[in-house]
Amino acid sequence: MFHEPCKKYWWANILYVNNLVPWKGEEMCNSESWYLSNDMQFYVLAPVFILALYHSPILGIFTNLVTIGASIIAAGVITCVYEIGPSSRSTMNPDQWWLLYIRPWIRCPPYLAGILGGWIYWKHGPTLKQYVTRMSQWERVVFGATWWCVSIVVEWAIIFGIYDQIRGVTLDQEAPSMAVSVSYQCFKRVTWAIALLIQVVRYMGFLAISYLAATALFVCLEQPLAALETLSYRKPTKQNATQPNNDTQQSKPDLEANVINTDIIFTNKSSNDYGSTSTSQT
């Protein structure tokens, strides 16, 4: 049967607005496609921020930072007003999914941080490279390791920092405080984007090598194994199903021999019985 919400809101998916229509998202058609709409909306609006950075860097930086700040404030206000937890597993309001999770004005900070970081790397990348090349070998190691460790700690804190609060809600214990919920909902997305941006910019060469190695492994190893797995689990066709099995063919002579032996034994037994009967009559 066709999915009922899709009969009513199919056009929202085609126009990439199904993260906004229906408003509460309870009747969303193919709810797993909500982020496709976010990506398309960000893609359509991205030239506004990119052109502002290109023609007037001050205006572009100001526009990006103001939009990110407005998104952070909106996330904090919604979290406080609707009493939403720091994550979907520790929420105090079941409407968190449509209030925060799928909305583009809440999801935009990482995208805008990526635009701003890309512009900084494009504009000031050569200067940063010259600054790094003037360092000694051990200074480069310390500089790179420091930023790498800082980004790893930030990402670790975002993922595991509220483990106790989530576990407390799971065990029906005390819920996370509103201060924890607001702080986490406000800054988790943009801080994650900044930490990831540091890793990408600092290790751009290693990232390119990693992508090339991953592509080679996919073509040479993963794809052949996937094809082999498909062949192994392929259902037999009608032609294969009608052909007799080799094991069955090999077992036919043995079966015939057993039948012959059984007939001989039965015949001998019948003859003996008949002979004994005749002797007793005489």
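**Entry 1: loop residues**

I looked up Tyr16 and found a relative accessible area of 33%, so I noted this residue as partly exposed. The model is a predicted one. Tyr16 sits in the loop that runs between helix 1 and helix 2. I checked its backbone and read a phi near 55°, a positive value in a residue other than glycine.

I then went to Glu83, where phi is near 50°, again positive in a residue other than glycine. Glu83 belongs to the loop between helix 3 and helix 4 (96-101). I put Glu83 down as partly exposed because its relative accessibility is 47%.

Back in the loop between helix 1 (4-14) and helix 2, I stopped at Pro22. The peptide bond joining Val21 and Pro22 is cis, and I noted omega as about -5°.

**Entry 2: helix 3 and helix 5**

I turned to helix packing, which for two packed helices is described by the angle between the axes and the distance between them. For helix 3 (residues 57-81) and helix 5 (residues 104-133), I found axes that come within 9 Å and cross at roughly 155°. Angles over 145 degrees count as roughly antiparallel, and I therefore entered helix 3 and helix 5 as roughly antiparallel to each other. I recorded their crossing as left-handed.

I listed the residues that make this contact: on helix 3 they include Ile61, Leu65, Ile68, Ala75 and Ile78, and on helix 5 they include Ile106, Cys108, Leu112, Ile115 and Trp119. I sorted the contact of helix 3 with helix 5 by class and got 16 nonpolar, three polar and no charged residues.

**Entry 3: helix 2 and helix 5**

Next I took helix 2 against helix 5, whose axes come within 9 Å and cross at roughly 40°. That angle makes helix 2 oblique to helix 5. I noted a right-handed crossing where helix 2 passes helix 5.

Among the helix 2 residues meeting helix 5 I wrote down Trp34, Tyr35, Phe42, Phe49 and Leu53; their counterparts in helix 5 include Arg107, Tyr111, Leu112, Trp119 and Trp122. The class count for the contact of helix 2 with helix 5 is 17 nonpolar, two polar and one charged residues.

**Entry 4: helix 2 and helix 3**

I finished the helix pairs with helix 2 and helix 3, where the axes come within 5 Å and cross at roughly 145°. I found Phe49, Ala52, Leu53 and His55 of helix 2 meeting Pro57, Gly60, Ile61, Thr63, Asn64 and Thr67 of helix 3. By class, I have five nonpolar, five polar and no charged residues for the contact of helix 2 with helix 3.

**Entry 5: nonpolar cores**

I looked next at Leu112, leaving out residues up to four places away in sequence, and found that Leu112 touches Phe49, Asn64, Thr67 and Ile68.

I then asked which residues have the most contacts inside the largest nonpolar core. They are Leu53, Ile68, Ile72, Cys108, Leu112, Ile115 and Val190, in a core of 13 residues. At least two residues of this core come from each of helix 2 (34-55), helix 3, helix 5 and helix 8 (178-202). I noted helix 5 as the source of the largest share of this core, five residues. Apart from this core I found another, of 10 residues, including Met28, Ala75, Ile78 and Ile102.

Technical notes: Residues are numbered from 1 along each chain as its sequence is written. This is a predicted model: local features need pLDDT of at least 70, side-chain atom pairs count only at pLDDT 80 or more; totals for chains, interfaces and linings use all residues. Side-chain values use heavy atoms; hydrogens and water are left out. Axes are lines fitted to C-alpha atoms, for helices over the stretch in contact, and angles run from 0 to 180 degrees between N-to-C directions. Helices (H or I, at least four residues) and strands (E, at least two) are DSSP runs, numbered from the N terminus. Angles under 35 degrees count as roughly parallel, over 145 as roughly antiparallel, 65 to 115 as roughly perpendicular and the rest as oblique. A crossing is left-handed if the near helix is turned anticlockwise from the far one by less than a right angle, and right-handed if clockwise. Contact means heavy atoms within 4.5 Å. Ala, Val, Leu, Ile, Met, Phe, Trp, Tyr, Cys and Pro count as nonpolar, Asp, Glu, Lys and Arg as charged, and the others, Gly among them, as polar. A nonpolar core is a set of buried Ala, Val, Leu, Ile, Met, Phe, Trp, Tyr and Cys residues joined through side-chain atoms within 4.5 Å. Buried means under 20% relative accessible area, exposed over 50%, partly exposed in between (1.4 Å probe, protein chains only).
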